[in-house]
Each structure stands twice: as structure tokens, then as C-alpha cells.
Amino acid sequence: MDFSTQLDDLQQRAAQAKQAAQAAVTEDREQLRQRIDQAKVDVDQDASDARQDASAAAASAKTKWTQIKADAAAKMDDLQARIDKRADQIDANVAADDAAWAEDDAAAAIDYASWTVDNARLAVLDAIDARVYADELATKAGS
């Protein structure tokens with residue numbers, strides 16, 4: 001299994017997320033909406049892929065990871081509903097509360113991503129160790 005390629009992809013996606021956040025700070029609301037819509041399309045595609053993975057791997061260890069992805073997709077649907085609702089809000093206090101909640105949600109998502117990366121590192125190292133051990137046992141058995 002080529003974990004390096006997957007980790008390179010993860011690193012690239014994190015860099016793209018950082019660049020998007022940095023660029024979004026200077027954009028007007030219409031540009032932000034376009035960026036959000038594109039991000040939603042990307043997340044929906046990932047969620048669709050996760051659902052397919054979950055169906056294909058229902059009885060395997062992959063299930064818990066695909067369930068996490070599916071849960072994240074559901075959270076993104078909720079986030080999109082809040083974004084849509086925000087457009088209908090007129091009260092500045094409600095909008096300020098919603099902004100604070102969105103900022104908290106973003107911080108939690110970053111914390112979750114960090115936790116996920118740490119767990120991915122552990123899982124990759126464990127998988128490599130398991131393969132090395134299996135190869136050592138196969139070599140000893142063949143001797």
C-alpha cells in the first residue's frame with residue numbers, strides 16, 4: 001500500500017484549504033458564496049465516494065473510517081443549511097451569534113482534522129509494522 005501518496009494528497013488538500021481561507025478573507029460576499037458552493041460540490045463528491053466505500057466495505061475495518069466520512073458529510077449538509085438560513089436573517093445580533101457559531105464550528109473542524117491526521121499517522125505506522133512483521137514470519141516459515 002502506498003501511504004506516501006495518500007499522505008501527499010492530504011498535505012496538498014490541507015495547503016489548498018489554507019490558501020482558500022487566506023484568499024476568502026479579501027473577497028466580497030458573492031465571491032465567498034461561489035467559493036462555498038464549489039467547496040460544497042467537492043465535499044458532496046467526497047461524501048458520495050464515502051457512501052460508496054461504506055457500502056462496499058460494510059463488514060471491514062474501513063467501515064468506521066467511512067462512517068466518519070459520512071458523518072462529516074452530514075455535518076456539511078447541516079452547515080450548508082445554516083449558510084442558506086443566514087441569507088434570510090436580518091437581525092444583526094442573530095447574524096453575530098451565527099458568525100460566532102460558524103467560527104467555533106470551523107475551529108472544531110480544524111481540531112477534528114488534526115486529530116484525524118494524528119490517527120492516520122498511527123494507523124499508517126501500524127500497517128507498515130504489521131506488514132514488516134508478516135513478511136518476517138513468512139521468511140522464517142520459508143527457511
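In the predicted model, a network of salt bridges links Lys75, Asp78, Arg82 and Asp105. The structure holds four salt bridges, and those for which partners and distances are described below include two that meet at Arg82. Within the network, the side chains of Asp78 and Arg82 form a salt bridge with an N to O distance of 2.8 Å. The two residues are separated by about one helical turn, because they stand four residues apart in helix α3. The partners differ in their exposure class: Asp78 has 39% relative accessibility and therefore counts as partly exposed, whereas Arg82, at 11%, counts as buried, since buried means under 20% relative accessible area.

Arg82 also meets the side chain of Asp105 in a salt bridge, at 2.9 Å from N to O. This pair links distant parts of the chain, with Asp105 in helix α4 and Arg82 in helix α3, 23 residues apart. Asp105 is assigned to the buried class because its relative accessibility is 14%. Both partners of this bridge thus count as buried, Arg82 at 11% and Asp105 at 14%.

A further salt bridge joins Glu27 and Arg35, whose closest N and O atoms are 2.5 Å apart. Arg35 has a relative accessibility of 30% and so counts as partly exposed.

The secondary structure that frames these interactions is helical. The protein chain comprises four helices and zero strands, and its elements follow the order α-α-α-α from the N terminus. Helix α1 covers residues 3–24, helix α3 covers residues 62–88, and helix α4 covers residues 92–142. Of the 143 residues in the protein chain, 10% count as buried. The protein chain exposes about 10800 Å², and 57% of this area is supplied by carbon and sulfur atoms. Among contacts between residues at least 6 apart in sequence, 50% join residues at least 24 apart.

Several pairs of C-alpha atoms illustrate how separate parts of the sequence are placed in space. Val124 is located in helix α4, and Leu7 is located in helix α1; these residues are 117 apart in sequence, while their C-alpha atoms are 9.5 Å apart. Val124 counts as buried because its relative accessibility is 13%. Leu7, by contrast, has a relative accessibility of 39%, so this residue counts as partly exposed.

A second pair involves Met76, a residue of helix α3. The C-alpha atoms of Met76 and Lys40 are 7.7 Å apart, and 36 residues separate the pair in sequence. With 29% relative accessibility, Met76 counts as partly exposed. A third pair is formed by Asp98 and Lys85, which are 13 residues apart along the chain and have C-alpha atoms separated by 9.9 Å. Asp98 lies in helix α4 and counts as buried, because its relative accessibility is 10%.

Two surface patches were identified, one nonpolar and one negatively charged. The nonpolar patch consists of Leu7, Leu10 and Val117, which together have about 220 Å² of accessible area. Leu7 thereby contributes to this patch from its position in helix α1. The patch of negative charge gathers Asp126, Asp129, Asp135 and Glu136 on the surface. One of its members, Asp129, is found in helix α4, the helix that also contains the buried residues Asp98 and Val124.

Technical notes. Residues are numbered from 1 along each chain as its sequence is written. This is a predicted model: local features need pLDDT of at least 70, side-chain atom pairs count only at pLDDT 80 or more; totals for chains, interfaces and linings use all residues. Side-chain values use heavy atoms; hydrogens and water are left out. Patches are made of residues with over 30% relative accessible area and no salt bridge: like charges are joined within 9 Å, nonpolar side chains (Val, Leu, Ile, Met, Phe, Trp, Tyr) within 5 Å. Accessible areas come from the Shrake-Rupley method with a 1.4 Å probe; for residues, only the protein chains shown count as cover. Lys and Arg count as positive and Asp and Glu as negative; His and the chain ends are not counted. The place of a charge is taken as NZ of Lys, CZ of Arg, CG of Asp or CD of Glu. Buried means under 20% relative accessible area, exposed over 50%, partly exposed in between (1.4 Å probe, protein chains only). Contact means heavy atoms within 4.5 Å.
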